[in-house]
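Please open the model in your viewer and keep the selection panel at hand, since this tour moves from one selection to the next.

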Amino acid sequence: MNSRFPLASTAALMADPARSAMLTALLNTRSLSAGELARSGDVSAQSASMHLAQLLAGGFLKVTQEGRHRYYQIASPEIAHAIEALGAISTVPSYRPSGANRDLCIARTCYDHLAGELGVNLTAALERERFLVPQGEREYEITKEGEKLLARWQINPGPLQRARRSFARRCLDWTERKHHLAGALGAAICAKFFEYGWIRRERQSRIVHITPRGHRELHRTLNL
């Protein structure tokens, strides 16, 4: 680590194509093994081990042991946000992720919140109905009506606002080039939608599908 210019050291960790591919892959799922990350980075197992050690030492990743296997995760929501932000500003407006299909662009998870058309349209509806209002350059503030909506969804904003991470943040979507909702509130809404069966995850993918029940509820509540 460059103690005089720590930003340079941090940027260098993300600048390597293999490491950036690994980090991007981990945005799309909760954890991956070293072998899976080696394939994501298109490197050998030995090279992947070296890259993962560097990302661990730099604080980008954390690792858990399950039997003989080690699984890697992004270390914090702040790290995920930094990767998302750099991805958004480093791609042209017509960008689509490698191997993207229409379903991926319609609805997906990005770390722990909703992205794609669904995430963008949900955020726009929350703003349109004045459940959320922009606060400052990147944050949202919840309104009284927004608190009532969250109560119907059985989400208590109090603990989320006291969490160490950002409460409600505007995050530029990679494929839509518009903002979706991130932060603790974005994660809580995503988790509730899964819990209520309004969305379901495609197996071994970040793609999510809105269920018929979800379509009905989102149309009734937000006219989506």
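The stops below cover a helix pair and then the enclosed space.

This is a predicted model, in which local features need pLDDT of at least 70 and side-chain atom pairs count only at pLDDT 80 or more, while totals for chains, interfaces and linings use all residues. Residues are numbered from 1 along each chain as its sequence is written, and side-chain values use heavy atoms, with hydrogens and water left out.

Select α2 (17-27) and α3 (residues 34-41), helices being DSSP runs of H or I with at least four residues. Their axes, lines fitted to C-alpha atoms over the stretch in contact, come within 8 Å and cross at roughly 120°. The two helices are therefore oblique to each other, a class left over once angles under 35, over 145 and from 65 to 115 degrees are set aside.

Next, show the side of α2 that carries A18, A21, M22, A25 and L26, which meets L37, A38, S40 and G41 of α3 (contact means heavy atoms within 4.5 Å). These contact residues divide into 7 nonpolar, 2 polar and no charged, with Gly counted as polar.

Now turn to the cavities, sets of points on a 1 Å grid where a 1.4 Å probe fits but cannot get out. The whole structure holds 3 cavities of 30 Å³ or more, and the largest has a volume of about 70 Å³, the space filled by probe spheres set on the points. Select L27, R108, C110, W174 and R206, which lie nearest its centre among 13 lining residues (those with an atom within 4 Å of a point). That lining comprises 6 nonpolar, 3 polar and 4 charged residues.

Definitions and conventions. 1 Å grid on protein atoms, 1.4 Å probe; cavity = no way out; pocket = protein on both sides within 12 Å on 5 of 7 lines; lining within 4 Å. Axes fitted to C-alpha atoms, helices over the stretch in contact; angles between N-to-C directions.
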